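I opened this notebook to keep track of what I looked up, entry by entry. The order follows my own reading.

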Amino acid sequence: MLSNAFVAAAGLLLVAALTPGPNNFVVLRAAAGGGVSAAWPAILGVVSGGIVMLGFGVLGLATVFSQWPFLRVTIATGGAAYLCWLAIGLMRTGDGGHAPLPTGAVGLFVFQFLNPKGWVMVLSVVSAFPPLGMSTTFIRLAPAFLLIPTACLWLWAIAGRYLATHVREPVVRRRIDRVMGMALLVNAVLLLP
């Protein structure tokens, strides 16, 4: 039963980490601007933020959200609104605006707590995992929260590196920013409760 729960948790984590979302776009953009090595601080911020979120989930945030669903809805709505703001900023980059995406390890660490996709994934995994005690659950899930997102974000960084030659042209950069902004906007809307 525990191995099935772990496989299910790892599968959910893999799908969440591979599918387009705000973290993937930030890593892609960082790698497009400076190569794969430039994306590592963003990857570090995303992964470390996810592990801390896992800790909060294991400590009982999933229980708090189940007892007071309005808190989950409030946080998810606020996070989706923030993602919409980021998306609009990206889409406006060609119109004199600036892309307000967070950067660096600290910026992406903090960003995780505003990312509704991350909260949905963490709370789903913790809620579905068998109750083994806080420390045991954390110890069993933390390696997956470290390895799976790191590998997936690294793949997004490689994709960004391949886009780098095209991103140097301002017209292409504006198009890519607009497409990423639209994808982020769709993602934010889909995450609304």
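**Entry 1: helix α5.** I began with helix α5, which runs over residues 104–112, and asked which of its residues are buried. In this predicted model they are Leu108, Phe111 and Gln112. I then looked at how these residues are placed around the axis, and I noted that they cover an arc of only 100°, which puts them on the same side of α5.

**Entry 2: asparagine 23.** Next I turned to asparagine 23, which lies in helix α2. Is this residue buried or exposed? I found a relative accessible area of 12% for asparagine 23 and, because the cut-off for buried is under 20%, I entered the residue as buried. Leaving aside its neighbours within four places in sequence, I listed Val46, Leu108, Phe111, Gln112, Asn115 and Leu153 as the residues in contact with asparagine 23. Among these contacts I recognised Leu108, Phe111 and Gln112, which I had already written down as the buried residues of α5.

**Entry 3: the largest cavity.** I then looked for enclosed space, and I counted 2 cavities of 30 Å³ or more in the structure. The largest cavity has a volume of about 230 Å³. Its lining is made up of 19 residues, and those that lie nearest its centre are Ala17, Asn23, Val46, Gln112 and Met121, so that I met asparagine 23 again here, this time as one of the residues nearest the centre of the largest cavity. Which elements give two or more residues to this lining? I wrote down α1 (2–18), α2 (22–34), α3 (36–67), α6 (116–128) and α7 (134–167), and I added that the largest share, 5 residues, comes from α3. When I sorted the lining of the largest cavity by class, I had 12 nonpolar, 6 polar and 1 charged residue.

**Entry 4: the largest pocket.** For the open spaces, I noted that the largest pocket has a volume of about 190 Å³. There are 15 residues that line this pocket, and I recorded Val58, Val126, Phe129, Pro131 and Thr137 as the closest to its centre. The elements that give two or more residues to the lining of the largest pocket are α3, α6 and α7, and the largest share, 6 residues, again belongs to α3. By class, I found 9 nonpolar and 6 polar residues in the lining of the largest pocket, and no charged residues.

**Entry 5: aromatic pairs.** I closed with the rings, and I counted 4 aromatic pairs in the structure. In one of them, phenylalanine 56 and phenylalanine 113 have their ring centres 6.1 Å apart and their planes at 70°, so I entered the pair as edge-to-face. Where do these two residues lie? Phenylalanine 56 is in helix α3 and phenylalanine 113 is in the loop between α5 and α6, so the pair ties together parts that are 57 residues apart in sequence. I also noted an edge-to-face pair between phenylalanine 109 and phenylalanine 113, at 5.5 Å centre to centre and with 65° between the planes. On exposure, phenylalanine 56 is partly exposed at a relative accessible area of 41%, phenylalanine 113 is partly exposed at 23%, and phenylalanine 109 is partly exposed at 29%. My last note is that ring pairs link Phe56, Phe109, Phe113 and Trp119 into a cluster.

Terms used. Residues are numbered from 1 along each chain as its sequence is written. This is a predicted model: local features need pLDDT of at least 70, side-chain atom pairs count only at pLDDT 80 or more; totals for chains, interfaces and linings use all residues. Side-chain values use heavy atoms; hydrogens and water are left out. Buried means under 20% relative accessible area, exposed over 50%, partly exposed in between (1.4 Å probe, protein chains only). Helices (H or I, at least four residues) and strands (E, at least two) are DSSP runs, numbered from the N terminus. The arc is that of the directions from the helix axis to the C-beta atoms. On a 1 Å grid over the protein atoms alone, a cavity is a set of points where a 1.4 Å probe fits but cannot get out, and a pocket is an open set with protein on both sides within 12 Å along at least five of seven lines; lining residues have an atom within 4 Å of a point. Grid points are joined across faces, edges and corners, and a volume is the space filled by probe spheres set on the points. Ala, Val, Leu, Ile, Met, Phe, Trp, Tyr, Cys and Pro count as nonpolar, Asp, Glu, Lys and Arg as charged, and the others, Gly among them, as polar. Contact means heavy atoms within 4.5 Å. Rings of Phe, Tyr and Trp (its six-membered ring) pair if their centres lie within 6.5 Å; planes under 30 degrees apart count as stacked, over 60 as edge-to-face and the rest as tilted.
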